[in-house]
Amino acid sequence: MLSASTMTAQRQERNGPRPRTGFRPGIALIASPDGLVWTSLFWISLFWISLAALGFSGSAAQSATTERVVVNRFTGLAIEGYDPVAYFVDAQPEVGLQDFEASAAGAVWRFRNEGNRASFVAHPDVYGPQFGGYDPIDLARGVTVAGNPRFWLIAGQRLYLFSREEARDVFAADPARVLHDANARWPALEQDLSR
C-alpha cells in the first residue's frame, strides 16, 4: 500500500508541482500536555504583515496569500476531491477517483471517470465552480470563504459552492442580487488572492 506522501509525489510527477503559496493565516492544531489546544494564527500573520509594512522583506510576508481556486493545502485537491462534472451529470456531489485526475488553475481535480475528466479538460470554465469555489454570499459581503462541496447549487448553467446550507438557501431565494454584488466585488478579492 502506498503512503499519502508517495501518492502526492506521484501525482506531482504526472501533473507538475503545485505552486508554492507560502504562509497563510488560519487555525492551527497544537499539542500540549493538557491535550489539544486550538489557537488562531491571526496574531502571527499580523506580526508578518507589520514587518512587511516596516520594510522588512521576508518570504512569508511577501507571499501571504490563498489561491484563486479553493484547494486543500495538504492534498492539493480542488473542491476536496469531488468531481465537478458530476454535479451536472449526476445532479449530486460525487467523490472523484485518483485514477482520473487533471491539473488546472494550480489545482488537482479528480473525476469519477474518463468522460467527466475529458469534459472538464475541454471546458474548465463551464464545469469548474464559479468564483474558484468561494461562497458567493460571502463574496457579496466582501470576504473570501471557501465553499463546501456538499452545499452546492447550479444556477444559470454554472456551479456554485457555499460555506453553509443557510448561504445556499439565501442564494436560491435571489441569485440575481447575490451575483450582482459578488461579481462587483470578485475582481478586487481575486486580485488580493493572487498577491
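Biologist: What does the secondary structure of the protein chain come to?
Modeller: In this predicted model, the secondary structure of the protein chain comes to 9 helices and 6 strands. The chain has 195 residues, of which 35% count as buried.

Biologist: And how much of the contact pattern comes from residues 24 or more positions apart?
Modeller: Among the contacts in the protein chain with a separation of 6 or more, residues 24 or more positions apart account for 55%.

Biologist: Before going further, what is the mean pLDDT of the chain?
Modeller: The mean pLDDT is 76, and 65% of the residues reach 70 or more. Over residues 1-9 the pLDDT is below 50, and that stretch has 3 contacts in the model beyond near neighbours in sequence. Residues 17-66 also have a pLDDT below 50, and for this stretch the model has 57 contacts beyond near neighbours in sequence. Where pLDDT is low, the predicted coordinates should not be read in detail.

Biologist: OK, on to the core. Which residues of the largest nonpolar core touch the most other members?
Modeller: That core has 17 residues, and those touching the most other members are Phe 131, Leu 139, Tyr 160, Phe 171 and Trp 186. The elements that give two or more residues to this core are α7 (136-141), β6 (158-162), α8 and α9, and the largest share, 6 residues, comes from α9.

Biologist: What about Trp 186, which residues does it touch?
Modeller: Not counting residues up to four places away in sequence, Trp 186 touches Arg 68, Phe 131, Tyr 134, Leu 139 and Leu 193. Apart from the largest core lies another one, of 16 residues, which includes Val 85, Ala 107, Phe 111 and Phe 120.

Biologist: Back to α8 and α9 then. At what angle do their axes cross?
Modeller: The axes of helix α8 (residues 165-173) and helix α9 (residues 175-194) come within 5 Å and cross at roughly 105°. Angles of 65 to 115 degrees count as roughly perpendicular, and α8 and α9 are therefore roughly perpendicular to each other.

Biologist: Which residues make that contact?
Modeller: From α8 the contact is made by Val 170, Phe 171, Ala 172 and Ala 173, and from α9 by Pro 175, Arg 177, Val 178 and Leu 179. These residues divide into 7 nonpolar, no polar and 1 charged.

Biologist: Switching to helix α7: is Ala 140 buried or exposed?
Modeller: Ala 140, which is found in helix α7, has a relative accessible area of 15%, and since buried means under 20%, Ala 140 is buried.

Biologist: And what is Ala 140 in contact with, leaving aside its neighbours within four places in sequence?
Modeller: Ala 140 is then in contact with Val 178, Asp 181, Ala 182 and Arg 185. Taking one of these partners, Ala 140 and Ala 182 are 42 residues apart in sequence, while their C-alpha atoms are 4.0 Å apart in space.

Biologist: Last topic, the backbone. What is the phi of Glu 80?
Modeller: Phi of Glu 80 is near 55°, a positive value in a residue other than glycine. Most residues other than glycine have a negative phi. Glu 80 is found in the loop between α3 (59-62) and α4 (86-89), and Glu 80 is partly exposed, with a relative accessible area of 46%.

Biologist: Where is Gln 157 found, and what is its phi?
Modeller: Gln 157 is found in the loop between β5 (148-155) and β6. The phi of Gln 157 is positive, about 60°, although this residue is not a glycine, and at 58% relative accessibility Gln 157 counts as exposed.

Notes. Residues numbered from 1 in each chain as written. Predicted model: local features only at pLDDT ≥ 70, side-chain atom pairs only at ≥ 80, totals over all residues. Heavy atoms only, no water. Axes fitted to C-alpha atoms, helices over the stretch in contact; angles between N-to-C directions. Helix = DSSP H or I, 4+ residues; strand = E, 2+ residues; numbered from the N terminus. Parallel < 35°, antiparallel > 145°, perpendicular 65-115°, else oblique. Contact = heavy atoms within 4.5 Å. Nonpolar A, V, L, I, M, F, W, Y, C, P; charged D, E, K, R; others polar. pLDDT = per-residue confidence, 0-100. Core = buried A, V, L, I, M, F, W, Y, C linked by side-chain atoms within 4.5 Å. Buried < 20%, exposed > 50% of the residue type's maximum accessible area, 1.4 Å probe, protein only.
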